[in-house]
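Hi,

Here is the structure I promised to pass along. Have a look at it first, and then read my notes underneath.

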Amino acid sequence: MILSDSFHEEEENEAPVKAKRTKPDAGEEEEVVYHPVKLSRNDLYRPPTAEELNQLKEAESLFHCSLLKMQMGELLKEVALSERRKQQIDSFIQTVTKLLQTVPDSPEVEVSDLSWLSGTVKVPFLLLPKITKGKFHMAPPASIDLIGSYPLGTCTKPHVMVDLAVTIPADVLHPKDVVNQRYPRKRALYLAGLAQYLTSSSDIGTMRYSCLHGNRLRPVLLLTPPDKNSSSFTVRVHACPPPGFFKPSRFHPQRNNIRTEWYTGLQTSYSGKIPPTPHYNSSVLGDLLPRTHLQFLSAISSQCSAFADGVALLKVWLRQRELNQGTGCFNGFLASMLMAYLLTTHRISNTMTAYQLLRNSLNFLASTDLTVNGISLARDADSTAPTLAEFHSAFQVVFVDPSGHLNMCADMTACTYMQLQHEASVSMQFWDNPTVDGFHSLLMTPKPMIRTSDHVFQYLVKLQSSCKKLNLLSELMDHSGNYVHTALPFILSLLQRGLDQRIQLLTHSLSPDPEWSVESEAPKYKAQPPLSFGLLFRPELAASVLERGPPADSPKAAEFRQLWGLRSELRRFQDGAITEAVLWDGESMCQKRLVPKQIITHLLQLYHSFNPCFALQVPSTGEEKSLAVVQSYDDLSRKLWRLEGLPLSITAVQGAHPALRYTQVFPPKPLKMDYSFFDKEKTCRSLVPKEGKPCPAYITPITVICHMEGSGKWPHDRLAIRHIRAAFHIQLGELLRKHHKYTCRPCPTHLDVWKDGLAFRIQVAYHREPQVLRESVNPEGLLVVRDNEEAQALEMATIHKPLLTSTLHGLQQQHPCFGAVCRLAKRWLGAQLFTPLLRFNHVGFLRFLHLLSSFDWKNNPLVVNLNNQLTAADYTEIKNGFMASRESLPVMFIATPKDKKLSMWTRRAPNVQMLQRVMMVAAESLKVLEQQLMDGNQIQDVKVVMRPPLEVYDAVIHLNPKQVPLLSQAVDPPSVTFSRGVMTGSAAQSGGSLPVIDYNPVSLYLAELREAFGDLALFFCDPYGGTVIAVLWKPKAFSPVPFKTSQVSARSVKVTGDEANTVPNVEAILEDFQIMGKGLVKSVEARTEKWSF
């Protein structure tokens, strides 16, 4: 759970009492000071009592570990109200109650006459139509009662809302006020009268209007105290009719209480049944029952000691999923009622703990479909109460209250409940998995729509036209003119039918509760934020371009043609069947992934005449390029296996390049060289760029590790092994040239092969070479085995990288979006100049940013359970080892099944300062990106999070774009392009002259800078087409050091008295930057004067 800054500010006065005494304020008691309890040695080592043993046994049987029990306890303390806060609330409630009891009477007027109100206070109601019958006058409340979660003991932080029910006197209302919005309007007028009276009181802070769960028929008055605690809680004033004033039978879901003649202003003659108004009826009925509901919940709560804590945990779970607020939400009241239902039906026991109550509640939600089989708390309902079948005919989700007359889920859509059910099901899987930290994942991690949906789009147009086109007058009357919630079920049903098996889940945003000043008119429906829809796909079906329908002679064929309109056509298939079908556009994987977008756009244009706004659209995702590289590699691998004539046989051929695991940001593409751009070097048939030409295109060498069998023929000397490997490179090149006509260039360390327009770099490996590198003979003639960087680098290149490649290749086959999302994450790291610091980050982009910015790297290892190879015991071992050796481990510790103790991928970088910087930028990028993607009115420019701030750097080296070979990959590539010796539109072939491979002057220059000035500065550059190198001076390097002739490089001498010290000569260093990069560096810009200190 992410708690806001304001929440922490609220709790400043609620911290544990310090040992230091403070002078008490006048009228207050002196605070109690707590001191540590001193225990004797016998008390410290006393055997555990029976109660303590029972608690330990309970923790072992109910929780995965005792830590989870402690975490639950701390969370409950965090969200519970402190005694100080309760005193503040009680005091303010008494003040408000006294004020409300003195509300003056006013003369009786027509309901439509607002002249009795002052000009400043407005009525919190949309008066459409403007005229309705009835009389109204102000009078003091008949009674004032606390209702809701506060008196029940289930009120939680951070948003503390205290509900106060103000009973409207019976003489203000009329038994027939349920018709034509008379009661809701009188209710709103009564609230306006209360607000007008309270404006003159200095005991009230701010006053605002809102709506209960977004229902415009149920406005409420929000009051805050006037002092510094104004943001710590809010009192929500409800105006309610006297208990039993209206007959519940008047609100049967099949009865009508809104007359069409009144709503439209037209005389209409009905030939059939008057349309029912179930949603309007449930809104009015909801005001009759809050006291009854409180009595019912209080009785249940008194029987179960953990009831309040169980509800609190469930409310936290709902809040993290944004399901607890807005129209049609599953709010805290429903959470309490659900737990009460489970207790009354004996699905849970009164003796269960809060954790058990939460688990059983989630299990019930995951396994029970209230859209099909509704549930009821009514035990002895009267004969006029509707049946569950009647509720199901009027509402999508059914959960009936103890009276038997009210469906508490009347405003909830089936899609919202399905989302709730899906989240509960996923949560149960997390709880049951001992290798997952269920507490942090389920109760501490926010899950907004943008981070839980595969596609997100928004409805940006007015929905009045949709209501008119679909002829939804009856439904519009039932929702009192709220065309958004009128059209929403029909839009959801249409999308569900169109997407069908492609989606696992369809969700939509819940319209937030509007808030406005008491001096402002009620906001119109068009002021609501646009609806957002989220889609969770079934990967195996989502990208299908064919929608195959029923046979042509089937009765369902007409329904299929009606759904799809002109896109539906008869097609004959290879199996001989002739069926209706819809064929969508899509050749590349990127286009196929956007087939759901085509479906949604077509349906909404056909039925609602508008285009949706989709988030995060990209022109290409590069899967085809990666696939071409993998296919060419597979072909080369087979040919290497079949080679004959080698002294030793090949035991393994493994790829070790990111393109072979689908994670290369820009996969290599086959090239055909333009020979007019180059001069041919005859000796080794190589292409050398002509003088004055731009830097040629960068050709990525695709690394392939070729393991040779072990044999006694291998020498035990490191130099001899290298010579043998070089000989293998020569022989492999000759055999490939002889049998397959490939252009090859052997080198001591590798063999470059030009195949299909791609460059493969084959490296022969001997499995014992790392061990040989670790061995040395000391002066005494003894064999010493000592680890060293050379052996670690060789192991990384020949063992760990190939293993990582094969593992992630398999992960890509299992999750098709893995590669694309991983490449996006790596592109962000490169654009923000972090690439030298972090490598191989393979998580979804938005979740990646959230993980990077919020994970507690200092106190926890990040465990990546590849292929589910780690067991619960392994997790314990990793965590224990991490805590025991934290001081010597990398600041960013990532454990995998093959690397439980060292975190080899993050051993060298980042350091503490850089990790903090990365976390800060990731948090800001996540905030900006989520806000942009969820706001359709903003320009959809995802690149905004890819542009790094250069103000924090001390110097910037500007590069000549002409000599940057990857310039086209830049975040903002220039409009001017350079010819780089590559022919476009031609198929690449094997053979021919070998171009320059792995030549990138930017990376070579960067390596020279780090080697020459790495002790003075840090250098950062975007490896994907960056045209600037950012320089950050190291503060410690500028401290004066005593003069030594061996340490005068890039330093100037300063003599002070008898002492001669040296300091870095920054002007000379900047000049050296220019000289070292002659031809590549355009200019060097000094941005700060940090060296002056």
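Below is what I found, region by region.

Before anything else, keep in mind that this is a predicted model.

Let's start with the annotation. The unreviewed UniProt entry carries "domain: Nrap protein" over residues 162-302, 306-445, 451-606, 618-813, 842-948 and 950-1084. I took a closer look at one of these stretches, 306-445: helix makes up 51% of it and strand 3%, with 24 Å between the C-alpha atoms at its ends.

Now the interior. The largest nonpolar core counts 156 residues, and the ones with the most contacts inside it are Leu194, Leu221, Leu223, Phe399, Trp431 and Leu443. If you want a way in, try Leu194: apart from neighbours within four places in sequence, Leu194 contacts Leu100, Val103, Met138, Val166, Leu221 and Val237. There is also a second, separate core of 33 residues, with Val630, Leu643, Leu735 and Phe760 among them. As a reminder, nonpolar side chains tend to be buried together in soluble globular proteins.

Helix H9 (residues 278-286) caught my eye too. How many of its nine residues are buried? Nine of the nine, so to speak a helix that is mostly covered. The buried set runs Pro278, His279, Tyr280, Asn281, Ser282, Ser283, Val284, Leu285 and Gly286. As for what covers them, these residues pack against four helices: H7 (182-198), H10 (290-303), H14 (388-394) and H19 (473-478).

A couple of single residues are worth a click. Ser149 sits in helix H6 (residues 149-152). Is Ser149 buried or exposed? Ser149 counts as buried because its relative accessible area is 16%, below the 20% cut-off. Leaving out residues up to four places away in sequence, Ser149 touches Thr154, Cys155, Met161, Asp163 and Lys315.

Gln464 belongs to helix H18 (residues 464-469) and is partly exposed, at 35% relative accessibility. Asn482 is 18 residues away along the chain, and the C-alpha atoms of Gln464 and Asn482 are separated by 9.2 Å.

Last, the surface. Phe1043, Val1053 and Val1055 make a nonpolar patch of about 280 Å². Val1053 is part of strand E35 (residues 1051-1056). With a relative accessible area of 45%, Val1053 is partly exposed, and that value is over the 30% that patch residues need.

Cheers

How values were computed. Residues numbered from 1 in each chain as written. Predicted model: local features only at pLDDT ≥ 70, side-chain atom pairs only at ≥ 80, totals over all residues. Heavy atoms only, no water. Patch = residues over 30% accessible without salt bridge, like charges linked within 9 Å, V, L, I, M, F, W, Y side chains within 5 Å. Areas by Shrake-Rupley, 256 points an atom, 1.4 Å probe, with all protein chains shown as cover. Salt bridge = Lys/Arg side-chain N within 4 Å of Asp/Glu carboxyl O. Helix = DSSP H or I, 4+ residues; strand = E, 2+ residues; numbered from the N terminus. Buried < 20%, exposed > 50% of the residue type's maximum accessible area, 1.4 Å probe, protein only. UniProt positions renumbered as here; feature names shortened; annotations may be inferred. Core = buried A, V, L, I, M, F, W, Y, C linked by side-chain atoms within 4.5 Å. Contact = heavy atoms within 4.5 Å.
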